[in-house]
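Colleague: Could you walk me through one part of this model in some detail? I would like a view of the packing in the interior.

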Amino acid sequence: MYKQRKHQFTLIELLVVVAIIAILAGILLPALSKARERGKMIGCINKLKQQGIATLTYAGDNANRVPPYDSGSSTDSSWKNVKFFDFLCPYMGINLARKDAISLDATSRPLPPFSCPSQTAYLKFHYGLSQYLAGSGTSTTSYIGRVRRPASRVMIMDRDNGKEDSKAYVTVSDCWSFEGGTVPLLLTRHGGQRNMAYIDGHAATLSPLKIPNKRSNTFWGYDSNGL
């Protein structure tokens with residue numbers, strides 16, 4: 001009786017299949033990587049929106065003043081080393097069990113509401129409050145209701161990786177080699193772009209060259225009155 005011979009793949013056929021799989025992987029993996037990073041960027045923007053809303057709510061409870069970016073030179077143990085994010089904790093569902101860097105976990109990393117999903121290397125503060133809007137200590141913060149063109153003025157943004165890790169604020173010099181310079185400083189996350197929240201409550205992503213390089217620009221909003 002005739003027996004049907006089972007077909008076996010030849011080496012050439014196997015190599016062709018492997019090559020096709022490799023080609024498909026080469027096409028799909030970059031797209032998947034971009035989609036994953038896009039998801040992280042959206043997560044970052046959502047966190048900035050939440051921080052922005054918390055900042056505005058804080059201002060509503062504090063004579064329309066934004067929080068300071070830190071506690072300044074205070075020697076009061078209950079106030080020393082407090083950062084901008086610590087003032088937002090009560091408005092973001094974080095229990096204030098202590099006042100000294102409450103927004104950091106036990107390893108000195110930011111808690112989830114203040115942690116950028118794209119930041120992989122250690123960085124104490126992933127975001128920063130505009131130094132031209134706030135200040136060090138409560139007496140130097142701006143009246144947010146008096147800020148001109150709030151939809152054009154930045155409030156919180158991605159911080160520059162590894163630069164002055166102990167600070168929780170941003171300036172022109174965090175985005176450019178120097179004020180008025182022509183060389184932007186690129187973030188190592190988000191493909192070099194920066195996410196940011198504005199005073200009117202919306203959030204957006206800007207490429208490095210679209211961030212103004214002078215503090216007098218409406219984006220930064222610095223003037224002698226701190227408005």
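Colleague: Which pattern of helices and strands does the protein follow, read along the sequence? And, looking closely at the largest nonpolar core, which residues touch the most other members?

Modeller: Happy to. This is a predicted model, so local features need pLDDT of at least 70 and side-chain atom pairs count only at pLDDT 80 or more, while totals for chains, interfaces and linings use all residues. Residues are numbered from 1 along each chain as its sequence is written, and side-chain values use heavy atoms, with hydrogens and water left out.

Read along the sequence, the pattern is α-α-β-β-β-β-β, that is, two helices and five strands. These elements are DSSP runs numbered from the N terminus: helices are H or I with at least four residues, strands E with at least two. Of the 227 residues, 42% are buried, meaning under 20% relative accessible area; exposed is over 50% and partly exposed lies in between, using a 1.4 Å probe and protein chains only.

Now to your core. A nonpolar core is a set of buried Ala, Val, Leu, Ile, Met, Phe, Trp, Tyr and Cys residues joined through side-chain atoms within 4.5 Å. The largest one has 28 residues, and Phe114 and Leu129 touch the most other members. Two or more residues come from each of H1, H2, strand S1 (127–130) and strand S2 (154–158), with H1 giving the largest share, four residues.

Leu129 is a good place to look around. Leaving aside neighbours within four places in sequence, Leu129 is in contact (heavy atoms within 4.5 Å) with Pro67, Pro68, Tyr69, Phe84, Ala134, Met155, Ile156, Ala168, Tyr169 and Val170. Val170 belongs to another core, which lies apart from the largest one and has 13 residues, including Trp176, Phe219 and Trp220.

Two of the residues that Leu129 touches, Tyr69 and Tyr169, also meet each other. They form a tilted aromatic pair, 4.3 Å centre to centre with 45° between the planes. For such pairs, ring centres of Phe, Tyr and Trp (its six-membered ring) lie within 6.5 Å; planes under 30 degrees apart count as stacked, over 60 as edge-to-face and the rest as tilted. Tyr69 sits in the loop between helix H1 (11–61) and helix H2 (84–88), and Tyr169 in strand S3 (residues 169–170), so this pair links parts of the chain 100 residues apart. Tyr69 counts as buried at 10% relative accessibility, and Tyr169 does so at 15%.

Phe84 and Phe114 bring in more rings, as they form one aromatic cluster with Phe85 and Phe125. A search of the whole structure finds nine aromatic pairs.

Strand S2 also holds a charged residue, Asp158. The side chains of Asp158 and Arg189 meet in a salt bridge, 2.8 Å from N to O; the term stands for a side-chain nitrogen of Lys or Arg within 4 Å of a carboxyl oxygen of Asp or Glu. Arg189 lies in the loop between S3 and S4, so the pair ties together parts that are 31 residues apart in sequence. Asp158 is buried, with a relative accessible area of 0%, and Arg189 counts as buried at 3%.
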